[in-house]
Every structure is written in structure tokens, then in C-alpha cells.
Amino acid sequence: YGRQFNEEANEYMGFVKNGVKRLNGLLTDLLEYSQVSAQAPENEMVAISDVLPAVSNSLRSAIHQCKASINYPEKLPALCMSRQHLHQLLQQLISNSIKFSEGRPLIQIDCYRENEDYGVLSVSDNGIGIDKSYSDKIFDLFHRLNRGSAEKEGTGIGLTICKNIVDKYNGEIWFESQEGEGTTFFARLPLKAKIAEDLTAATFEKEDSLLQTA
């Protein structure tokens with residue numbers, strides 16, 4: 001019926017279409033969040049360079065659309081965690097870099113050994129950057145940052161998923177950013193079998209209450 005609609009009706013239908021698209025994205029991210037919350041950490045040695053091709057394939061459409069470039073060294077240390085968790089973590093961070101870029105995204109993946117037990121994974125981009133005042137809020141569930149026109153595309157769940165994964169391995173996630181120049185996210189993750197042991201029922205109850213409150 002598009003040809004029968006006037007300009008105002010077509011505008012309203014555009015609002016409906018965009019609303020459904022955002023809702024679909026929200027439901028997809030909520031499903032992933034609930035699945036990650038229910039999964040226990042694993043003692044599996046995973047090579048980062050083995051996971052990145054699969055991540056790139058998952059994001060193939062977005063990468064092709066904006067001609068994103070993803071670079072990483074040939075040799076990267078293996079991490080002790082679930083392959084699925086590492087895939088989800090990298091996918092969320094790379095997707096974020098693509099989403100919040102105003103030009104051609106240039107993304108650099110790296111990882112260095114911090115000590116015998118932990119390595120620090122980093123994902124850097126040349127995107128629009130993040131105000132440092134959001135440091136305490138950025139990983140909160142459903143918290144979306146006002147980052148220009150790109151703000152409407154986020155669901156406020158992706159970085160919460162990242163923190164959820166890193167927390168399972170007694171790790172830490174943080175970022176450094178320069179507005180207008182880019183952002184680097186860092187995740188401290190185990191190189192050996194050092195996983196979170198305190199995955200109690202209280203942890204899951206807390207996450208369930210966050211979902212119910214939201």
C-alpha cells in the first residue's frame with residue numbers, strides 16, 4: 001500500500017519499521033545476555049587468532065557495508081576460557097567499534113601478557129570516542145550513551161554482556177578514550193586455569209532481578 005500513502009503516512013510507517021527493528025535488536029541482545037548469565041566459565045585454552053576469523057564471519061555484513069578493517073598480530077597468547085565466551089566478547093567489542101564510527105572503521109586487536117596468570121586483550125578503534133564521565137555507567141544494563149546519531153542504534157546490553165563474561169573469569173574490563181579520535185577497550189583475562197569460583201545462586205538472582213526491574 002506504499003503508493004497509496006501520503007507523505008505523512010509514509011513517515012509514520014517509517015517510525016513503525018524503525019521501532020520494530022530496535023525491538024528485534026533488543027530481544028536478540030536480551031536472549032544473548034540471559035544465555036551468557038546462565039553459562040559457567042570453562043578451563044579451555046583458546047587461541048585468539050583461531051577465534052577472530054569466526055567473529056569476522058559473524059559480522060561479515062556489517063564489515064562489508066562500512067568497509068571496516070580489522071588487524072591483529074599473527075602471534076597472540078592463548079586465553080584460558082570458553083571459546084564461546086571469547087567469541088561473544090570479541091564480537092560485541094568489534095561490533096561496537098563498527099557501530100560507533102563515522103568513517104571507515106579501523107580496528108586493532110592485540111593481547112599482551114600482564115603476568116604469569118593474566119593477559120590483557122585490547123580492541124582499539126578510530127570511532128567517535130566516549131566521554132570519560134561515563135566510566136562508571138557504561139557497563140550497566142540498558143545504559144545507552146548519548147553518542148550523536150549512533151546512540152539510537154544501541155540497546156544498552158552489549159557492554160553488559162562483555163562485563164558479565166569477564167567477571168566470570170575474575171577479570172576486569174575498562175576503556176580509554178579520546179572523543180573524536182577513538183576508544184580502546186581492555187579486558188584482563190586468565191592465561192591459566194583461574195576462573196571465578198563464586199558463581200552462586202545469589203549471583204543469578206541478582207541478574208534476574210535486574211531483568212525484572214528493567
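Which residue in S4 is the bridge partner of Ser 69? Let's find out by walking through this predicted model, starting with the whole protein and then zooming in.

The protein has six helices and seven strands. If you follow the sequence from start to end, these elements appear in the pattern α-β-α-α-β-β-α-β-β-α-β-β-α. Of its 214 residues, 41% count as buried. The chain also brings distant parts of its sequence together: among contacts between residues at least 6 apart in sequence, 73% join residues at least 24 apart. On the outside, the protein exposes about 12400 Å², and carbon and sulfur atoms supply 47% of that area.

Now look for the sheet. Five strands build an open sheet, in the order S2-S4-S5-S7-S6, with mixed pairing. The edge strands are S2 and S6 (172-178), and each of them pairs on one side only. Neighbouring strands in this sheet are turned by 15 degrees against each other on average, with direction ignored. Helix H4 (residues 83-99) packs on the sheet, where H4 touches S2, S4, S5 (118-124) and S7 (182-190). The direction of H4 makes about 30 degrees with that of S5.

We can now return to our opening question. Ser 69 sits in strand S2, which covers residues 69-71. S2 pairs with strand S4 (residues 106-113) in the parallel sense, over three bridges. The bridge partner of Ser 69 in S4 is Leu 106. Leaving aside residues up to four places away in sequence, Ser 69 touches Arg 104, Pro 105, Leu 106 and Ile 107. Is Ser 69 buried or exposed? Its relative accessibility is 15%, and because the limit for buried is under 20%, Ser 69 counts as buried.

Next, step into the interior. In soluble globular proteins, nonpolar side chains tend to be buried together. Here, the largest nonpolar core has 39 residues, and Leu 90 and Ile 94 touch the most other members. The elements that give two or more residues to this core are helix H2 (48-58), H4, S4, S5, H5, S6 and S7. H4 provides the largest share, with six residues. To get a feel for this region, pick out Ile 94: not counting residues up to four places away in sequence, Ile 94 touches Leu 52, Val 55, Leu 59, Ile 70, Ile 107, Ile 109 and Val 123.

Helix H5 (residues 158-168) deserves a visit too. Nine of its 11 residues are buried, so H5 is largely enclosed by the rest of the structure. Among the buried ones are Leu 159, Ile 161, Cys 162 and Val 166. Just after H5, Asn 170 takes a positive phi of about 55 degrees.

Our last stop is the aromatic rings, where the structure holds two aromatic pairs. Trp 174 and Phe 186 form a stacked pair, 5.3 Å centre to centre and with 15 degrees between the planes. Trp 174 lies in strand S6 and Phe 186 in strand S7, so this pair ties together parts that are 12 residues apart in sequence. Trp 174 is partly exposed, with a relative accessible area of 21%, whereas Phe 186 counts as buried at 14%. The rings of Phe 175 and Phe 185 have their centres 5.8 Å apart and their planes at 45 degrees, so that pair is tilted. Phe 175 lies in S6 and Phe 185 in S7, so the pair links parts that are 10 residues apart in sequence. Both Phe 175 and Phe 185 are buried.

Terms used:
Residues numbered from 1 in each chain as written. Predicted model: local features only at pLDDT ≥ 70, side-chain atom pairs only at ≥ 80, totals over all residues. Heavy atoms only, no water. Helix = DSSP H or I, 4+ residues; strand = E, 2+ residues; numbered from the N terminus. Buried < 20%, exposed > 50% of the residue type's maximum accessible area, 1.4 Å probe, protein only. Contact = heavy atoms within 4.5 Å. Pairing = 2+ DSSP bridges. Axes fitted to C-alpha atoms, helices over the stretch in contact; angles between N-to-C directions. Areas by Shrake-Rupley, 256 points an atom, 1.4 Å probe, with all protein chains shown as cover. Core = buried A, V, L, I, M, F, W, Y, C linked by side-chain atoms within 4.5 Å. Phe/Tyr/Trp six-rings, centres within 6.5 Å; stacked < 30°, edge-to-face > 60°.
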